[in-house]
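Me: I should like to go through the terms used for this structure and ask what justifies each of them. Please set each value against its definition.

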Amino acid sequence: MILKDRTIIITGASSGIGEATAKKLSEHGASVVLMARSEDKLKDLASSITKAGGKALVASGDVTKRKDFENVVAKTVEHFGKVDGLINNAGLMPLSYVKKLKTDEWDKMVDVNIKGVLNGVSSVLPELIKNNGGDIINISSMAAHRYFPGGAVYCATKAAVKMFSEGLRQELAPKHNINVTSIEPGAVDTNLVSTITDEDIKEELQEMMEMTTLESEDIANAIYYALTQPKRVNINDIYIVPSEQK
Ligand code: NDP
């Protein structure tokens, strides 16, 4: 129960990596606050966590709306008394080739993958500073390290998250006791590809997904590792890919 005194907000908790992380952290004692837009899925998850003896709060919201995020933080403080950490995990990956000009999808990726992270940080930071410390974990991607087909905009958003994390760490860790980690997964078996509308990309991706991918639980384990180090240790980056991925 190493996390028993920690209250952690997890965005994108309604599926995939966020859901697995909520389960993992609650199993180790954390009080988890579940944020996403699909309230019904969050309620189901909260009830399974509670049945297993854990503590979970449903706080639905859209990460692109700063007000929603501020409400989630206020609800967390009202319910659990404080916030100790934020996992910025919500994200979208509607891959497409640039020449197709799917500009609405570009905008959505910038809004969720980048602005969503900024909204999370601006909403939670006053609480973390007030509490004299905490943790921020941002889910970037292998896409921050290299381009893959149809990923020009997606890769750019994830590179932004990785670089923002490093800036945050340098500004917050030494002075405010707030450790910051960027997690950069390769292919994980989740619903992330469901937002792709470019048929050419869908075919190419199908081939790629024939390898053995990571499971959401593998990323939850990496998050758990970063959160459970002694306070003097800041895990800056975790770059974690399937053994079979080139
Ligand atoms: P999922 O599609 O399973 O999960 C995405 C989550 O983001 C959902 O819970 C969704 O909930 C939430 N979300 C999307 N838009 C919003 C929004 N506007 N406000 C609040 N929540 C939102 O995919 P993953 O679990 O794979 O994705 C999690 C993160 O991991 C993403 O940032 C992704 O980029 C990253 N990642 C994933 C990889 C993979 O191969 N799967 C590899 C590398 C990184 P809802 O729709 O209910 O709002």
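Me: With which residues is Lys102 in contact, leaving aside its neighbours within four places in sequence?

Reply: Lys102 is in contact with Ser96, Thr197 and Asp198, where contact means heavy atoms within 4.5 Å. The model is a predicted one, in which local features need pLDDT of at least 70 and side-chain atom pairs count only at pLDDT 80 or more, while totals for chains, interfaces and linings use all residues. Residues are numbered from 1 along each chain as its sequence is written, and side-chain values use heavy atoms, with hydrogens and water left out.

Me: Why is Lys102 called partly exposed?

Reply: Buried means under 20% relative accessible area, exposed means over 50%, and partly exposed lies in between (1.4 Å probe, protein chains only). Lys102 has 25% relative accessibility, and therefore counts as partly exposed. Lys102 is in the loop between S4 and H4. Its C-alpha atom is 18 Å from that of Leu205, although the two residues are 103 places apart along the chain.

Me: What makes Leu101 unusual in its phi angle, and is Leu101 buried or exposed?

Reply: Most residues other than glycine have a negative phi. Leu101 is not a glycine, yet has a positive phi of about 50 degrees. Leu101 also lies in the loop between S4 and helix H4 (103–130). With 54% relative accessibility, Leu101 is counted as exposed.

Me: What is the phi of Asn177, and where is this residue placed?

Reply: The phi of Asn177 is near 65 degrees, a positive value in a residue other than glycine. Asn177 is in the loop between helix H5 (152–176) and strand S6 (178–185). The relative accessible area of Asn177 is 35%, so this residue is partly exposed.

Me: Why does Ala173 count as buried?

Reply: Ala173 has a relative accessible area of 17%, and therefore is buried. This residue is placed in helix H5, where the names refer to DSSP runs numbered from the N terminus (helices: H or I, at least four residues; strands: E, at least two). Not counting residues up to four places away in sequence, Ala173 touches Leu168, Ile178, Asn179 and Asn234. The C-alpha atoms of Ala173 and Lys51 are separated by 36 Å.

Me: How do you know that Val83 is buried?

Reply: The relative accessible area of Val83 is 0%, so the residue is buried. Val83 is in the loop between H3 and strand S4 (85–88). Its contacts, apart from neighbours within four places in sequence, include Thr7, Ile9, Val73, Val124 and Leu128.

Me: What makes Ser60 partly exposed, and which residues does Ser60 touch?

Reply: Ser60 has 29% relative accessibility, and therefore counts as partly exposed. The loop that holds Ser60 runs between strand S3 (55–58) and helix H3 (66–80). Ser60 touches Leu34, Ala36, Glu39, Leu42 and Val72, not counting residues up to four places away in sequence. The C-alpha atoms of Ser60 and Leu34 are separated by 7.0 Å, while the residues are 26 apart along the chain.

Me: How many residues has the largest nonpolar core, and what makes a set of residues such a core?

Reply: A nonpolar core is a set of buried Ala, Val, Leu, Ile, Met, Phe, Trp, Tyr and Cys residues joined through side-chain atoms within 4.5 Å. The largest one here has 31 residues, and Leu25, Ile87 and Ile183 have the most contacts inside it. Among the elements that each supply at least two residues of this core are strand S1 (7–11), helix H1 (16–27) and helix H7 (216–227). H7 gives the largest share, six residues. A second, separate core of 23 residues includes Val72, Val73, Val112 and Val121.

Me: Why is the protein chain called as compact as a globular protein of its length?

Reply: The radius of gyration is taken over C-alpha atoms, and the globule rule is 2.2 Å times the number of residues to the power 0.38. The protein chain has a radius of gyration of 17 Å, close to the 18 Å that the rule gives for 246 residues, so it is as compact as a globular protein of that length. Buried residues make up 51% of the 246 residues. The secondary structure comes to seven helices and seven strands, in the pattern β-α-β-α-β-α-β-α-β-α-β-α-α-β along the sequence.
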